[in-house]
Amino acid sequence: MMYARVAVVVGVALLAGCASNRRAGNAELPARDAQLAAELAAQGERAIDKEDWARAISLNREALRHHDGLGAAWHNLGIALMQTRENLEAASSFQRAAELLPTDPRPYENLALLHMNAGWHEDALRLYELSLERGAYHVPSLRGAVLAARELNQSTPAGLERVKRGILVEKDPAWRVIFEREQVRVAQDLAEREKASRRPN
């Protein structure tokens with residue numbers, strides 16, 4: 001499964017959003033710092049596109065020194081750190097990005113992927129669920145949640161609903177097969193559980 005980066009917006013919209021952002025000590029964030037941070041983060045994004053992870057880490061860290069409230073920079077820093085296996089710092093970066101980008105499903109998606117890669121499927125599923133609270137039809141998180149539930153051999157009504165949403169939006173034929181097989185597995189498990197609960201003791 002692939003990571004998902006967050007695009008950095010450079011220009012007036014970013015600066016307008018920074019007007020009320022404050023650093024420690026309640027000093028206003030100067031517009032030039034916000035602009036420089038955005039430019040550095042955009043360069044970091046291009047470094048990610050080139051898979052130049054060391055440069056991406058350096059540029060995003062420098063951007064955050066100028067403006068530590070730039071959610072896209074935290075998120076993209078997390079991606080580069082994950083690629084260099086600096087997992088603890090990557091997790092912290094994704095968590096900070098999730099706080100700063102409260103409607104974006106991607107920070108929790110990538111944090112979940114980090115946990116999946118470590119084999120922590122229960123934690124990964126919980127994080128994919130947080131991602132899906134922000135975007136119920138976010139395909140990468142639907143895929144990840146289905147894989148995590150399968151690894152856990154978990155069958156729940158919520159899981160069945162996720163699978164159904166995945167079938168609705170999935171365009172990749174190979175992934176559609178995975179979703180359809182999981183629909184059969186989960187539905188059968190739930191039906192057997194329901195049947196067992198009705199048997200007299």
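Is E180 buried, partly exposed or exposed? E180 is partly exposed, because its relative accessibility is 35% and the partly exposed class runs from 20% to 50%. The legends below describe close-up views of a predicted model.

**View A. A salt bridge joins E180 and R176.** The two side chains meet at 3.5 Å, N to O. Both residues belong to helix α10, where they sit four residues apart, about one turn of the helix. E180 has a relative accessibility of 35%. R176 has a relative accessible area of 28% and is likewise described as partly exposed.

**View B. E182, R185 and D189 form a network of salt bridges.** Within this network, the side chains of E182 and R185 meet at 2.9 Å, N to O. E182 and R185 lie in helix α10, three residues apart, which is about one turn of the helix. Both E182 and R185 are buried. The whole structure holds 11 salt bridges according to the search.

**View C. W175 and F179 make up the one aromatic pair of the structure.** A pair of aromatic rings is described by the distance of the centres and the angle of the planes. For W175 and F179 the ring centres are 6.3 Å apart and the planes stand at 45 degrees. The pair is tilted because this angle is neither under 30 degrees, as for stacked rings, nor over 60, as for edge-to-face rings. Both residues lie in helix α10, residues 173-198, at a spacing of four residues, about one turn of the helix. W175 and F179 are both buried.

**View D. E99 and R96 are linked by a salt bridge in helix α5.** The N to O distance between the side chains is 3.4 Å. Three residues, about one turn of the helix, separate E99 and R96 along the sequence. R96 is partly exposed because its relative accessible area of 29% falls between 20% and 50%.

**View E. R162 is a buried arginine in helix α9.** The helix spans residues 157-169. R162 has a relative accessible area of 6%, so it falls under the 20% limit for buried residues. Leaving aside residues up to four places away in sequence, R162 touches L125, E129, L132, L142 and A145.

**View F. R165 lies over the face of Y137.** The distance from R165 to the ring centre of Y137 is 5.9 Å.

**View G. E51 has a positive phi in a loop.** Most residues other than glycine have a negative phi. E51 is not a glycine, yet its phi is about 60 degrees. The loop that holds E51 lies between α2 (31-49) and α3 (53-66). E51 counts as exposed because its relative accessibility, 53%, is over 50%.

**View H. R85 also has a positive phi, in the loop between α4 and α5.** The phi of R85 is about 65 degrees, although the residue is not a glycine. Helix α4 covers residues 71-83 and helix α5 covers residues 87-100, with R85 in the loop between them. With a relative accessibility of 70%, R85 is over the 50% limit and therefore counts as exposed.

Conventions:
Residues numbered from 1 in each chain as written. Predicted model: local features only at pLDDT ≥ 70, side-chain atom pairs only at ≥ 80, totals over all residues. Heavy atoms only, no water. Helix = DSSP H or I, 4+ residues; strand = E, 2+ residues; numbered from the N terminus. Buried < 20%, exposed > 50% of the residue type's maximum accessible area, 1.4 Å probe, protein only. Phe/Tyr/Trp six-rings, centres within 6.5 Å; stacked < 30°, edge-to-face > 60°. Lys NZ or Arg CZ within 6 Å of the ring centre and 35° of its normal. Contact = heavy atoms within 4.5 Å. Salt bridge = Lys/Arg side-chain N within 4 Å of Asp/Glu carboxyl O.
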